[in-house]
Amino acid sequence: GNKGIIDSGEADNFVINTQNETIELMGSQMLNRTASYTYKDDVFTVDISGVKHDYYKKDSEAYKKALKEFGYK
C-alpha cells in the first residue's frame, strides 16, 4: 500500500504519494512534513530525519548487495 509505520526517529507514520514522488511524514515528536523521494531498482531514497538515506526492499538483490557491502552477510 501507500501507508506505513516507522519504528525509529521522529516520524511515526507515513503516506506515500507515487504520482508526485513525495512522502508525508507524521509523528508525535515532529511537525508533519512532506519530502521528495526516489525509488529505483528496489532502493527507496529519502530524507526522513535531516539526512538522505537508502532503504531497501527486503530480500531484493539491492538488499542482499547492501548487506554484503556493510558486512552483514
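In this predicted model, the buried residues of helix α1 pack against the strands β5 and β6. The helix spans residues 61-69, and its buried residues are A62, A66 and L67. Viewed down the axis of α1, these buried residues fall within an arc of 135°, so they line one face of the helix. The face turned away from this buried side carries E61, K65 and K68, which are exposed. To call a residue buried is to say that its relative accessible area is under 20%, whereas an exposed residue has over 50%. Just after α1, G71 takes a positive phi of about 80°.

The two strands that receive the helix also pair with each other. Strand β5, residues 43-47, is joined to β6 by 5 bridges, and the two strands run antiparallel. Within this pairing, T45 has D54 of β6 as its bridge partner. The strands β5 and β6 form a hairpin with 4 residues between them, and in this hairpin G50 takes a positive phi near 105°. Two glycines with a positive phi can thus be listed together.

| Residue | Place | Phi |
|---|---|---|
| G50 | hairpin of β5 and β6 | near 105° |
| G71 | just after α1 | about 80° |

Which residues line the largest pocket? The lining consists of I16, T18, E21, Y37, Y39, D42, F44, Y55, Y56, K57 and K58. The elements that contribute two or more residues to this lining are β4 (33-40) and β6 (52-56). Strand β6 therefore has a part in two settings: it helps to line the pocket, and the buried residues of α1 pack against it. By character, the lining residues divide into 6 nonpolar, 1 polar and 4 charged. The volume of the largest pocket is about 300 Å³.

The chain as a whole may now be described. It contains 1 helix and 6 strands. Read from the N terminus, the order of these elements is β-β-β-β-β-β-α, so that the helix follows the strands. The chain has 73 residues, of which 29% count as buried. Its C-alpha atoms fill a box of roughly 35 × 25 × 20 Å, taken along the principal axes. Among the contacts between residues at least 6 apart in sequence, 3% join residues at least 24 apart.

Methods. Residues numbered from 1 in each chain as written. Predicted model: local features only at pLDDT ≥ 70, side-chain atom pairs only at ≥ 80, totals over all residues. Heavy atoms only, no water. 1 Å grid on protein atoms, 1.4 Å probe; cavity = no way out; pocket = protein on both sides within 12 Å on 5 of 7 lines; lining within 4 Å. Points joined across faces, edges and corners; volume = space filled by probe spheres on them. Nonpolar A, V, L, I, M, F, W, Y, C, P; charged D, E, K, R; others polar. Pairing = 2+ DSSP bridges. Buried < 20%, exposed > 50% of the residue type's maximum accessible area, 1.4 Å probe, protein only. Arc of directions from axis to C-beta. Contact = heavy atoms within 4.5 Å.
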